[in-house]
Structure formats: structure tokens, C-alpha cells
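Visitor: Could you take me closely through the sheet of this model, strand by strand, and show me what packs around it?

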Amino acid sequence: MQNMMQTVFLDRDGTLNEEAGYIREVDSLALIPGSALAVKRFQEAGFLTVLTTNQTGPARGYYDEDHVLALNQRVQDLLQAEAGVKLHAVYYCPHLATGSVQPYAIACHCRKPETGMIQQAQQQFPNIDLSRSYVIGDKATDVDFGHNAGCRSVLLKTGYGQRVLDGEYQTLANPPDIVADDLSDAANQILAMTVSSH
Ligand SMILES: [Mg+2]
Ligand SMILES: [Zn+2]
């Protein structure tokens, strides 16, 4: 299927931007060096680039949902400024079953590792080829999310990734298909395996 699209589903914190816990000041969100260029390289190779991020701040009462939107926009603005690119779509899960703030304190199907955000992407882009797509992130949750959706999973060593590899943070249900130093290295590895269809 020539026109089936490969996609990279990108985590946000610890993947595109520096992991800094719950980011209260929008201006303090900073991209990891090389992230913006990696997004550009994926797009030039014909990949859809989609953000899929769990953001429990609203459910925990740390800040409101508008703040999540502002942080996501900050990522887009920095990508634009550094590499002239913009993610094709942004999905986030603001829910947490054990949270304290309604309407966010619910059990949902969009919190990674459940696959609701990928189903949202498939509704927007019906020709995504999941079997040739990648989920890239820094937590075991991201790796499991990719496998649950039928994608290949990439664990980065940025953010929490090195601690996951060391067995100090979360537990992997199954190992990642690829381990990369950072998003730039993930682009190197994935694009080297991708035969151009152009
Ligand atoms: Mg992360
Ligand atoms: Zn959710």
C-alpha cells in the first residue's frame, strides 16, 4: 500500500523537551537539543509526526487544562523557531482515575499505555499504517503503548529512559524494539532502516 502513512507518535516530556516534572511556567519548557531537527528529518522522509502525551496536571489540581494547551503550543512554537516545522497533530490525556479534580478524575482509554490517542489519530488520518509506525518515548508506559497499538516502540535514554533501562523506574512488559540515546539518534536509526518510497 503505497499511500499508507508511516507515523512517529512522540511523547512530550523527556522526549521532545527536557523532563522537568510538572512545568508551571510555560517559558521554562525547553527542547532537548536536536529534537527539532529530528522532527524535520522525519517529516522530510514522509512521516506523519504526532504528539501523544499523558498530562495529569489538571486531574491532580496542579493547573488547568488551558495550561496544558499553552505548554503544547510552546513545543510547537519552539519547533517552528528552531527548525521551521510543526507537528501534524497533538493529542493529550488529561485524565487520572485517582485524581482529585472533575471531570478529569476518571478511568479513560486515552491514558498511555492504553491506545485511545492512537485511535484519535486514526480517525483524523485514516491511512496511518500502524505496523510501520513508531512510538517514541522515555518511559515503559510509552514502550507498552506502542506495542499495545501494534507499532514498533523506541525507548530514549533522555528523560526517565536511562532509569527505565537500569530497572530503577517502571517495569517494561516487553523490551523496546529500539533503544536510542535521544530523539536525534532515534531518527538516525529509524531513517536508516526506512527505504524511501519517493
Ligand atoms: Mg515522557
Ligand atoms: Zn485520558
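Guide: Two strands are said to pair if DSSP finds at least two bridges between them, and in this predicted model four bridges join E4 to E5, which run parallel. Within that pairing, Tyr134 stands opposite Arg152 in E5. To get from one strand to the other, the chain leaves E4, passes through helix H5 (residues 140-148) and arrives at E5, and this β-α-β crossover is right-handed. Strand E5 itself, residues 152-156, is mostly covered, with four of its five residues buried.

E4 and E5 belong to an open sheet of six strands, whose order is E3-E2-E1-E4-E5-E6 and whose pairing is parallel. Its edges are strand E3 (89-93) and strand E6 (178-180), each of which pairs on one side only. From one strand to the next, the twist averages 20°. In general, strands of a sheet pair through backbone hydrogen bonds, either parallel or antiparallel.

On the other side of E4 in that order comes strand E1; E1 (residues 7-10) and E4 (residues 134-137) pair in the parallel sense over three bridges, and Phe9 stands opposite Val135 in E4. Helix H4, residues 116-124, packs on the sheet, where it touches E1, strand E2 (48-54) and E3, and the direction of H4 makes about 150° with that of E3.

Towards the E6 edge, E5 and E6 also pair in the parallel sense, over three bridges, and the bridge partner of Val154 in E6 is Ile178. Several of the residues just named return in the largest nonpolar core, which has 45 residues: Phe9, Val135, Ile136, Val154, Leu183 and Ala186 are the ones that touch the most other members. Ala186 shows how such contacts reach across the sequence, since, leaving aside residues up to four places away, Ala186 touches Ala38, Ile136, Val154, Leu156, Ile178 and Ala180.

One of those partners, Ala38, leads to helix H1, which spans residues 35-44 and packs with helix H3 (residues 65-83) at an angle of about 80°, their axes being 9 Å apart. Angles of 65 to 115 degrees count as roughly perpendicular, and H1 and H3 are therefore roughly perpendicular to each other. Their contact is made by Ala36, Leu37, Val39 and Lys40 on the H1 side and by Leu78, Leu79, Glu82 and Ala83 on the H3 side.

Technical notes
Residues are numbered from 1 along each chain as its sequence is written. Chains are lettered from A and ligands numbered from 1 in the order in which they are written. This is a predicted model: local features need pLDDT of at least 70, side-chain atom pairs count only at pLDDT 80 or more; totals for chains, interfaces and linings use all residues. A nonpolar core is a set of buried Ala, Val, Leu, Ile, Met, Phe, Trp, Tyr and Cys residues joined through C-beta atoms within 7 Å. A residue is buried if 20 or more other C-beta atoms lie within 10 Å of its own, exposed if 12 or fewer, and partly exposed in between; C-beta atoms are placed from the backbone. Two residues are in contact if their C-beta atoms, placed from the backbone, lie within 7 Å. Helices (H or I, at least four residues) and strands (E, at least two) are DSSP runs, numbered from the N terminus. Axes are lines fitted to C-alpha atoms, for helices over the stretch in contact, and angles run from 0 to 180 degrees between N-to-C directions. A crossover is right-handed if, with the strands pointing away from the viewer, the path from the first strand over the helix to the second runs clockwise. Angles under 35 degrees count as roughly parallel, over 145 as roughly antiparallel, 65 to 115 as roughly perpendicular and the rest as oblique.
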